[in-house]
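Please open the model in your viewer and keep the sequence panel beside it, so that each selection can be followed in both. The tour moves from one selection to the next and says what is found at each stop.

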Amino acid sequence: NKVVTSHYSVLNFIPKNLMEQFMKPANCYFAFLGALQAIPETSTTGGIPVIVVPLVTILILNAIKDGVEDYRRHKSDRMENERATLLAKRAEGNSANTKVKRWCDVQVGNMIVVKKDEYVPADMVLVASSHPEGQVYVETANVDGETNLKT
């Protein structure tokens, strides 16, 4: 049940970022012009690809921006995955014990205890409620942007 919203890892950042940047037609166009400028017969700059300097500058600045954004995503993911929830464990007899678990350690089939005003750690099926009518009011603003409570 691990949340991963980041695009890159340390190993794939450079190749994946370059691939994404060269998906933009403008970057491909300027790289092509730089290649043409490197050929002395077709160049007005004497074979020196001067257009490569602004292209590389833009590529580096975009890579830095993407890296910072992805670092923030990694931090947000880590905070989300480290949140605590109560896991209901069946004990001997009819009593139940609860154990604190991280959200990323919740598995399919676990019984979760969610109290009033707590975030829900995963897709879940409501088994019981402490509400007199057995209802639960859920705000789904993180999912669909609506702040209305749903029952």
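## First stop: Asn17 and its surroundings

Begin by selecting Asn17, which is buried, because its relative accessible area is 2% and the limit for a buried residue is under 20%. The model you are looking at is a predicted one. Asn17 belongs to helix H1, and if residues up to four places away in sequence are set aside, the residues that Asn17 touches are Tyr8, Asn12, Ala63 and Asp66.

## Along helix H3

Now select residues 52–81, which make up helix H3, a run of 30 residues. From the first C-alpha of H3 to the last, the helix reaches 42 Å, a value close to the 44 Å expected at 1.5 Å a residue. Colour the buried residues of H3, which are Leu55, Leu59, Ala63, Asp66, Asp70, Asp77 and Asn81; Ala63 and Asp66 will be familiar from the first stop, where they were named among the residues touched by Asn17.

While H3 is still highlighted, pick out Tyr71, which is found in this helix. Is Tyr71 buried or exposed? Tyr71 is exposed, since its relative accessible area is 52% and the limit for an exposed residue is over 50%. If you draw a distance from the C-alpha atom of Tyr71 to that of Asn17, the separation is 14 Å, although their positions lie 54 residues apart along the chain.

## Helix H2 and its two sides

Next, select residues 25–37, which form helix H2. The 13 residues of H2 should span 18 Å at 1.5 Å a residue, and its end C-alpha atoms are 18 Å apart, so the two values agree. Show the side chains of Asn27 and Gln37 and mark Gly34 as well, as these three residues of H2 are buried. They lie on the same side of H2, because they cover an arc of only 85° around the axis. These buried residues pack against helix H1 (13–21) and H3, whereas the face of H2 turned away from its buried side carries the exposed residues Pro25 and Phe32.

## Where H2 meets H3

Keep H2 and H3 on screen together and turn the view until both axes can be followed. How far apart are the axes of H2 and H3, and at what angle do the helices pack? The axes are 9 Å apart, and the packing angle is about 145°, with H2 passing H3 in a left-handed crossing. On the H2 side the contact is made by Asn27, Phe30, Ala31 and Gly34, and on the H3 side by Val52, Leu55 and Leu59. Sorted by class, this contact of H2 with H3 holds five nonpolar residues, two polar ones and no charged ones.

## Two stops in the loops

Move on to Ser43, which sits in the loop between H2 and H3. Ser43 is buried, because its relative accessible area is 13% and that falls under 20%. Leaving out residues up to four places away in sequence, Ser43 touches Leu36, Gln37 and Ile48. A C-alpha to C-alpha distance drawn from Ser43 to Leu33 comes to 9.5 Å, for two residues that are 10 residues apart in sequence.

Finish at Asp117, in the loop between strand E3 (111–113) and strand E4 (138–139). Asp117 counts as exposed, because its relative accessibility is 75%. Its backbone is also worth a look, as phi of Asp117 is near 65°, a positive value in a residue other than glycine.

Notes
Residues are numbered from 1 along each chain as its sequence is written. This is a predicted model: local features need pLDDT of at least 70, side-chain atom pairs count only at pLDDT 80 or more; totals for chains, interfaces and linings use all residues. Side-chain values use heavy atoms; hydrogens and water are left out. Helices (H or I, at least four residues) and strands (E, at least two) are DSSP runs, numbered from the N terminus. The expected span of a helix is 1.5 Å times one less than its number of residues. Buried means under 20% relative accessible area, exposed over 50%, partly exposed in between (1.4 Å probe, protein chains only). Axes are lines fitted to C-alpha atoms, for helices over the stretch in contact, and angles run from 0 to 180 degrees between N-to-C directions. A crossing is left-handed if the near helix is turned anticlockwise from the far one by less than a right angle, and right-handed if clockwise. Contact means heavy atoms within 4.5 Å. Ala, Val, Leu, Ile, Met, Phe, Trp, Tyr, Cys and Pro count as nonpolar, Asp, Glu, Lys and Arg as charged, and the others, Gly among them, as polar. The arc is that of the directions from the helix axis to the C-beta atoms.
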